[in-house]
Amino acid sequence: MKFQIEWHYKSSKQKQLTFYSDFTDANEAFIIIGDLERTGRTKEIYLISEDGQRWTVKEAKKLFEEVQTEPHDITVYFDGGFHHDLQAAGLGAVIYFTQNGFSQRIRVNTQLEQIESNNESEYAAFYFAVQQLEEMGVHHIQVTFKGDSQVVLNQLAGEWPCFEEIFNKYLDRIEDKLQELGIKPIYEPISRKDNEEADQLATQALQGIAISSRKRI
């Protein structure tokens with residue numbers, strides 16, 4: 001979990017200024033706050049979480065303690081495979097996260113029928129990944145999404161326009177679900193080679209091989 005520090009500084013002549021840090025690891029932020037308080041030049045300090053909420057130091061420490069028991073530091077890989085003859089898609093999602101002090105990984109896939117294109121399978125795979133986050137209880141936190149579909153990620157980021165009605169429906173469903181869960185998404189396009197794990201899951205789904213696993217790593 002990361003915070004931005006908002007430091008309200010007061011000088012010996014009672015001049016007041018406000019400074020903001022970059023987002024930094026929560027433990028490091030609390031250490032820095034201790035250093036700032038020892039300067040004797042602190043009027044107030046607040047912490048801003050990655051979802052934009054503002055917290056007192058006491059509130060932020062309580063939030064941090066609670067978050068440790070929930071999934072955090074989350075990176076999601078997704079991929080969709082399309083079988084033209086079957087009009088079906090294989091959806092794969094790999095989720096890396098930390099919980100209770102342990103790094104963990106979830107691998108899951110499924111097959112979906114009545115899909116009309118490869119791009120639709122990629123949108124379906126992204127939504128499938130978000131559904132897994134909901135089942136994990138992920139909420140009000142930043143999540144990094146990685147995939148090899150430039151179309152899906154750039155359209156979700158608002159950098160590319162979307163003219164197809166069916167894809168706009170997926171965009172609306174995804175954005176509504178992310179907003180409902182309070183997830184702040186970071187979209188990161190990667191190469192197909194770097195997305196091999198999710199790609200393999202999508203391929204296995206099309207082959208009728210169901211995968212659902214969770215393990216410490």
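## Close-up views of a predicted model

**Figure 1. F19, a residue of strand 2.** F19 has its place in strand 2, which spans residues 16-20. The structure shown here and in the legends that follow is a predicted model. How accessible is F19? Its relative accessibility is 40%, so F19 counts as partly exposed. Leaving aside residues up to four places away in sequence, F19 touches I5, E6, W7 and Y9. One of these, Y9, is 10 residues from F19 along the chain, and the C-alpha atoms of the two are separated by 7.5 Å.

**Figure 2. The whole protein, to help you find your way.** Before going further, let us step back for a moment. The protein has 217 residues, and buried residues make up 47% of them. Its secondary structure comes to 6 helices and 11 strands. Taken along the principal axes, the C-alpha atoms fill a box of roughly 75 × 40 × 30 Å. Among contacts with a separation of 6 or more, 70% are between residues 24 or more positions apart. As for confidence, the mean pLDDT of the protein is 94, and 100% of its residues reach 70 or more.

**Figure 3. Helix 2 and its buried side.** Which residues of helix 2 are buried? They are V57, A60, L63, F64 and V67. These residues cover an arc of only 120° around the axis, which means that they sit on the same side of helix 2. On the face turned away from that buried side, you will find the exposed residues K58, K62 and E65. The buried residues of helix 2 pack against several partners: strand 1 (2-10), helix 1 (26-37), strand 4 (42-49), strand 5 (54-56) and strand 6. Among the elements of the protein, helix 2 has the lowest mean pLDDT, at 90.

**Figure 4. The largest pocket.** Rolling a probe the size of a water molecule over the atoms shows where empty space is left. In this protein, the largest pocket holds about 250 Å³ of space. Its lining is made of 18 residues, and M1, L63, V67, H139 and H140 lie nearest the centre. Two elements, helix 2 (57-67) and strand 9 (141-147), give two or more residues to this lining. Which element gives the most? Helix 2 does, with 3 residues. By type, the lining divides into 7 nonpolar, 6 polar and 5 charged residues. You have met L63 and V67 already, as buried residues of helix 2.

**Figure 5. H140 and D73, two residues with a positive phi.** Most residues other than glycine have a negative phi. H140 is a residue other than glycine, yet its phi is positive, near 50°. You can find H140 in the loop between helix 3 (118-136) and strand 9. With a relative accessible area of 45%, H140 is partly exposed. D73 is not a glycine either, and it has a positive phi of about 50°. Where is D73 found? It is found in strand 6. D73 is partly exposed, with a relative accessible area of 46%.

**Figure 6. T98 and the residues it touches.** T98 lies in strand 7. Is T98 buried or exposed? Its relative accessibility is 17%, so T98 counts as buried. Not counting residues up to four places away in sequence, T98 touches E70, P71, H72, D73 and S103. D73, one of these partners, is the strand 6 residue of the previous view.

**Figure 7. E116, in a loop.** E116 is found in the loop between strand 8 and helix 3. Its relative accessible area is 61%, and E116 is therefore exposed. Which residues does E116 touch, not counting residues up to four places away in sequence? They are F82 and Q87. S191 is 75 residues from E116 along the chain, and the C-alpha atoms of the two are separated by 24 Å.

**Figure 8. Helix 6 and its packing partners.** Helix 6 covers residues 196-206, and its buried residues are A198, D199, L201, A202, Q204 and A205. What do these buried residues pack against? Their partners are strand 6 (72-83), strand 7 (88-99) and strand 8 (102-113). Just after helix 6 comes G208, which takes a positive phi of about 85°. Among the elements of the protein, helix 6 has the highest mean pLDDT, at 98.

Note on methods
Residues numbered from 1 in each chain as written. Predicted model: local features only at pLDDT ≥ 70, side-chain atom pairs only at ≥ 80, totals over all residues. Heavy atoms only, no water. Buried < 20%, exposed > 50% of the residue type's maximum accessible area, 1.4 Å probe, protein only. Helix = DSSP H or I, 4+ residues; strand = E, 2+ residues; numbered from the N terminus. Contact = heavy atoms within 4.5 Å. 1 Å grid on protein atoms, 1.4 Å probe; cavity = no way out; pocket = protein on both sides within 12 Å on 5 of 7 lines; lining within 4 Å. Points joined across faces, edges and corners; volume = space filled by probe spheres on them. Nonpolar A, V, L, I, M, F, W, Y, C, P; charged D, E, K, R; others polar. pLDDT = per-residue confidence, 0-100. Arc of directions from axis to C-beta.
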